[in-house]
Amino acid sequence: MKRVTTIIVNYRLKYFLEQTLLSVEEAYTEVEGHTIVIDNNSGDDSIEFLEERFPSVTFIRNKENVGFAKANNQGFAMSDTDFILVLNPDTIIGSDTLKDAVKWMDEHPECGAIGVKMVDGNGHFLPESKRSFPSTWNSFCKLFGLSSRKKYSINSSYVNVLIAASFK
């Protein structure tokens with residue numbers, strides 16, 4: 001059984017998306033999965049360009065740009081796997097990322113979502129991959145510059161970019 005569905009919403013990023021699909025394809029050598037690309041009416045030849053290169057990917061062509069959330073929901077409705085990876089079309093994932101994420105989720109069935117440490121093309125940590133849990137207190141601390149001071153932080157758990165969601 002396939003474990004992961006990767007959902008990618010595309011809008012005029014065919015060359016970036018090609019690199020993303022190559023990285024996902026490599027990650028699927030460790031974990032069984034399926035990729036769905038929803039094209040939000042890019043108006044270019046993104047899908048035609050990529051369909052012949054990635055025959056195992058399901059491509060959905062929207063006749064209009066329905067937005068990021070609605071396009072992702074189209075992919076969610078088509079998924080029949082344990083986990084869903086929501087991935088931007090300009091992102092490269094490591095070859096072990098899916099294997100490690102699925103293993104961790106299997107070991108922690110009480111968890112509904114996980115995130116990963118993100119790095120840029122030069123290997124530098126991207127702080128947006130580590131955000132505080134959204135709360136009034138954390139918003140207050142961020143607004144008034146207190147979030148960088150640990151003594152003011154009352155919530156040490158973090159919500160990262162959504163990587164996998166369990167539907168068990």
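In the predicted model, D106 is partly exposed, with a relative accessible area of 37%. This aspartate forms a salt bridge with R3, in which the closest N and O atoms are 2.8 Å apart. Because R3 lies in the segment before β1 (4–10) whereas D106 belongs to helix α4 (residues 97–107), the pair ties together parts of the chain that are 103 residues apart in sequence.

A further salt bridge joins K14 and D45, with the closest N and O atoms 2.3 Å apart. This pair likewise links distant parts of the chain, since K14 is located in helix α1 (residues 14–27) and D45 in the loop between β2 (33–39) and α2 (46–51), at a separation of 31 residues. The two partners fall into separate accessibility classes: K14, at 14% relative accessibility, counts as buried, whereas D45, at 36%, counts as partly exposed.

Within the sequence neighbourhood of helix α4, the side chains of D100 and K99 meet in a salt bridge with an N to O distance of 4.0 Å. Both residues count as partly exposed, D100 at 44% relative accessibility and K99 at 31%. Salt bridges that share partners also join R3, D82 and D106 into one network, and the count for the model comes to 10 salt bridges.

With regard to the strands, 4 of them form an open sheet in the order β3-β2-β1-β4, and the pairing is parallel. The edges are occupied by β3 (58–61) and β4 (83–87), each of which has a single partner strand, so that one side of each is left without a neighbour in the sheet. From one strand to the next, the twist averages 20 degrees. The parallel pairing of β1 with β4 extends over 5 bridges, and T5 stands opposite I84 in β4.

Helix α1, which contains K14, packs on this sheet and touches β1, β2, β3 and β4, its direction making about 175 degrees with that of β1. Helix α3 (residues 68–78) also lies across β1, β2, β3 and β4, and runs at about 150 degrees to β1.

Turning to the surface, a nonpolar patch of about 440 Å² is made by W137, F140, L143 and F144. Of these residues, W137 is placed in helix α5 (residues 136–143) and is partly exposed, with a relative accessible area of 32%. This value is consistent with the inclusion of W137 in the patch, because such patches are made of residues with over 30% relative accessible area and no salt bridge.

Methods:
Residues are numbered from 1 along each chain as its sequence is written. This is a predicted model: local features need pLDDT of at least 70, side-chain atom pairs count only at pLDDT 80 or more; totals for chains, interfaces and linings use all residues. Side-chain values use heavy atoms; hydrogens and water are left out. Patches are made of residues with over 30% relative accessible area and no salt bridge: like charges are joined within 9 Å, nonpolar side chains (Val, Leu, Ile, Met, Phe, Trp, Tyr) within 5 Å. Accessible areas come from the Shrake-Rupley method with a 1.4 Å probe; for residues, only the protein chains shown count as cover. Helices (H or I, at least four residues) and strands (E, at least two) are DSSP runs, numbered from the N terminus. Buried means under 20% relative accessible area, exposed over 50%, partly exposed in between (1.4 Å probe, protein chains only). Two strands pair if DSSP finds at least two bridges between them. Axes are lines fitted to C-alpha atoms, for helices over the stretch in contact, and angles run from 0 to 180 degrees between N-to-C directions. Contact means heavy atoms within 4.5 Å.
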